[in-house]
Amino acid sequence: MNQIKLTLLLLTMVLFASSCKREQKKNKENKFDIKTYLDAGNVNEVGPTNEQLDLLRAVVPQQQYQLSPFIGDRDYWESIAATESGKSYVEDAFLDLKIQPEVPITDAIYRLANKQGNREIYKPRYYRTMTRLEHFMLAECIENQGRFLPQIEVYLKAILDMKSWLHPNHDNESNDVLEGKSIAIDLGSRRFGSDLALAEVLLQDKLSAEIRQKIKTTLQKRIINAYIQSTSGEIKTHLNWYRGTSNWNSVCTSGAVFVSISISQNYNERLKAIGTAINSMKNYLSGFGDDGYCSEGAGYWGYGFGHYLYLAEIIYDFTNGVINLFEFDNPKKLMNVANFPYRYQIAEGVFSPFADGVTKISYDGGFAKRMVARKYGAGFPLVNKNLKTSDTYPAFYQLIEWGYMNAEMDGSESVQVENKLPNHTYFDQFGMILSRGTQEVPLSIAIKAGHNSENHNHMDVGTYTIVLGKDMMTGDIGAPSYTAGAFSDTNPARSSWGHPVPRINNMLQSKGRKFEGKITATEFTESYDKVVMDLKAAYEISSLNHLVRTMENDKSGKGVISITDEFLLSEPGNFGVAIMTLSDYEIVDTNTVIIKKGNHRLKVEIFSGDGTLKIIDERVPVERLREGGPAYRIGVDFIHPITEGSLTVKFTPVL
C-alpha cells in the first residue's frame, strides 16, 4: 500500500470514528436502564421474562453481530497488515504451519483425563489447537492469499469431529456429554465454539459450504440451544455456572453470547442470549464486594473480569452503546472492581496468593489491564498498542484491540496512572487489609478475615502473606496445582493445616459461610498499622470461648511485623500456630527461625509467657503447588494443654 492510499484510509477511519462517536452520544441519551430491566426479571430464574424481552426488542438490532470486518473488507485488513501486531500474527501463523496438526482431544484421552482428574493430559493439546487456529484465521484475513485455509479446515474438521468440547474433568463420572446423553457448556467448549463462530463470520465463503453448514448446525446444538435451554430450565445440565459468582460465569457467558448473536438466525434467540447474560451477570458481579474485592484473587480477576469486559464490549458494540455493562446497575462498584488489582498489590507487581490466587499475574496478555484503563481510568500503565500476540492473548481480544487502535475513540492515551501505592488499603466489606512498609526495602503484609465459603475457598480465615521488598518470605503458600484431589477440602494446601492460622485441639477451621472472621478494630498511621480480628467463629469447637488475632506493622527503622493470637478455652486443650514458607529456612533454637530468599533474610521470633513452646517443621505433602515449592509448615505449639494464653510471632528483616 502506497503512502497516499494509507493516508486516505486512515482519514476514512478517523471520519468513521467521529461518526460512530456522534451516534454513540445520541444513543447514550436513550440509555438502557439495567436496573429497570433487572426489576422486570424473575429472581429465581436466569432466563429473561417476557417483560424483559420486550425491553430488549426496543434496543437490540435485528441483524446478526459482526465482531470485526470480514475478510472481504480489504481496506480494513490491509490497515491491520501494516501494524506490528498484524505482522506478528502472520509470523506466528507461518511458524505454526510447520507443525503437524493434532487432534485436540481423542476419546481415549478424554476418558483418561476424566478418570484421573489430570488436566495436563489434555490442556496442552487444547491450548495449542485454539492458539494455532486463531493464528491461522487472523493471518488469512490479513494476507488473503489462501495460504492458511487448508490448515484452518483441518483444525475445524478436527474440532467438529470431537464428541464433546468439555474439558474432560468437567464431564460427570459417566462421561454423559461425551456419550451424547446430555449437553453442557464449560470453559473449554465456549472457546471451541467461539473459534468456530469466528471462522464463520470472518472467513465466510472462503470455507467450503459443507464446513460452514456443519459449523452452524453444531454451534446451534452445542452452544446456542445448550445456553438458552439450560438457563431457562428446558433441559437439565450438571454445570450451573450461570447462577454462580465465579469466573466461570463471565467466561462461559461471554462465549455463549458471542456465538448466539453472531450465528443464530433467530432474532428471539439472540434476544434471549443477551437477556440471559444480563441476568446472569447480576450473579457474577454479586461475587465482588462493593469495595471491589475479588475473593478469587488477582489472577482470576484478570481471567473472569477480562471476559466480563469482553462481554460488555460486544454487547455495547452490538447495541451502539445503548446497553452498557461497563456500568451495569452500579457504576461505582464497577469502578472499584476495575481498580481491584492495583489496590490489591502488596508491592508493585506482587500479590497475595490467597485462595487459588497467584503472586504474579499476566492480565491475559494485557486485555483486562488495557480495558480498565480505557473504561475506568484504572491505575495501570498502558502497554504498547502494537501488542505482539501470545498464547494468552486470544483472537477475540486482539480483534477488539485492533478496533480501538483504528478508531481511537476511547481517549486511553490520556489515562493518568498512579505512581505510588498508598501506605495501606482496606477492603472493608470482605475484611482484607494490605499494610505496606515505607522503608527503603519495604516490609509489608496482607492479612484477611473473610469467610470459608468464598470462591476457590481455602479454610483460611486469618491468613496472611509477608513480603520483604518484592520477595514473598512467609505466609500463605497458595493453591495446589489443578490435578486430581486439588479441590478436596482435606488437601493440605487447601485446608487450614496448610495456612498460617491457629490449630486448636488438633482441629482445623470448618467450611461454610458462617465460619468467618470479623475485623473489630483498625489503626492506620504513616508509621504504624494495627488490625484486630475475631477468629472464633471460624472454628467449630465448643470449648473455644475467645480467639483474637492482632497484626501490628511498625514501619519505623527497618520494620517489624508481629502477629499475636490470644485465646481462651473452657477446658485445657492444645493450641498452636504455623509459620508457612516456600523459602529456605533455618531453625536457630526453640524460639527463632531465619527465613531466606535471595539476598533477603527475615528473622522470626516466637514469644509466649504462658507455657513452653515446641517447633516441629514438616514438608507440605502436596506434590505440586501453583507457586512452585516445596512448601514447609513450621508448626509452633504449646507442649502441654493450656486453657488461656497468647502467642506472638514477630518478623524482623535482617539487613
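## A guided tour, from a loop serine to an open sheet

Begin by selecting Ser 246, which sits in the loop between α10 and α11 (247-263). The model on your screen is a predicted one, and every stop below should be read with that in mind. Ser 246 has a relative accessible area of 17% and is therefore buried, since buried means under 20%. If you show its surroundings, leaving aside residues up to four places away in sequence, you will find that Ser 246 touches Tyr 284, Glu 296 and Asn 455.

**The helix pair α8 and α10**

Next, select helix α8 (residues 149-161) together with helix α10 (residues 209-232), which pack at an angle of about 35° with their axes 11 Å apart. When you rotate the view to look through the pair, α8 passes α10 in a left-handed crossing. To see what makes the contact, show Glu 153, Leu 156, Lys 157, Leu 160 and Asp 161 on α8, and then Ile 211, Lys 214, Ile 215, Thr 218 and Arg 222 on α10.

**The nonpolar cores**

Which residues touch the most other members of the largest nonpolar core? Select Leu 198, Ile 278 and Phe 305, which hold that position in a core of 137 residues. Helix α13 (residues 298-318) gives the most to this core, contributing twelve residues. Now centre the view on Leu 198 and, again not counting residues up to four places away in sequence, display the residues it touches, namely Leu 67, Met 137, Leu 138, Leu 203, Phe 258, Ala 395, Phe 396 and Leu 399. In soluble globular proteins, nonpolar side chains tend to be buried together. A second core, separate from the one just visited, has 43 residues, and Val 461, Tyr 464, Val 501 and Ile 563 are among them.

**His 451 and its contacts**

Move on to His 451, which lies in strand β4 (residues 451-452). Is His 451 buried or exposed? Its relative accessibility is 11%, so His 451 counts as buried. The side chain of His 451 reaches the backbone nitrogen of Ser 453 at 3.0 Å, a pair that can be shown with a distance label. Beyond the residues up to four places away in sequence, His 451 touches Asn 457, Val 461, Arg 513, Phe 515 and Glu 516, and Val 461 also belongs to the second core. For a sense of scale, draw a line between the C-alpha atoms of His 451 and Lys 555, which are 104 residues apart along the chain and separated by 29 Å.

**The eight-stranded sheet**

Finally, select the open sheet of eight strands, whose order is β9-β10-β11-β12-β19-β16-β15-β14 and whose pairing is antiparallel. The edges are β9 (518-524) and β14 (584-589), each of which pairs on one side only. Neighbouring strands of the sheet are turned by 15° against each other on average, with direction ignored.

Start at the β14 edge, where β14 and β15 (residues 592-597) pair in the antiparallel sense over five bridges and form a hairpin with two residues between them. Across this pairing, Glu 586 stands opposite Ile 594, while Ile 587 stands opposite Val 593. In a regular strand the side chains alternate between the two faces of the sheet.

One step further in, β15 pairs with β16 (residues 600-607) in the antiparallel sense over six bridges, and here Ile 595 stands opposite Leu 602. End the tour at Gly 598, which takes a positive phi near 60° in the hairpin of β15 and β16, where two residues lie between the strands.

Note on methods
Residues numbered from 1 in each chain as written. Predicted model: local features only at pLDDT ≥ 70, side-chain atom pairs only at ≥ 80, totals over all residues. Heavy atoms only, no water. Pairing = 2+ DSSP bridges. Helix = DSSP H or I, 4+ residues; strand = E, 2+ residues; numbered from the N terminus. Axes fitted to C-alpha atoms, helices over the stretch in contact; angles between N-to-C directions. Core = buried A, V, L, I, M, F, W, Y, C linked by side-chain atoms within 4.5 Å. Buried < 20%, exposed > 50% of the residue type's maximum accessible area, 1.4 Å probe, protein only. Contact = heavy atoms within 4.5 Å. Polar contact = N/O pair within 3.5 Å; in protein donor to acceptor, adjacent residues only side chain to side chain. Left-handed = near helix turned anticlockwise from the far one by under 90°.
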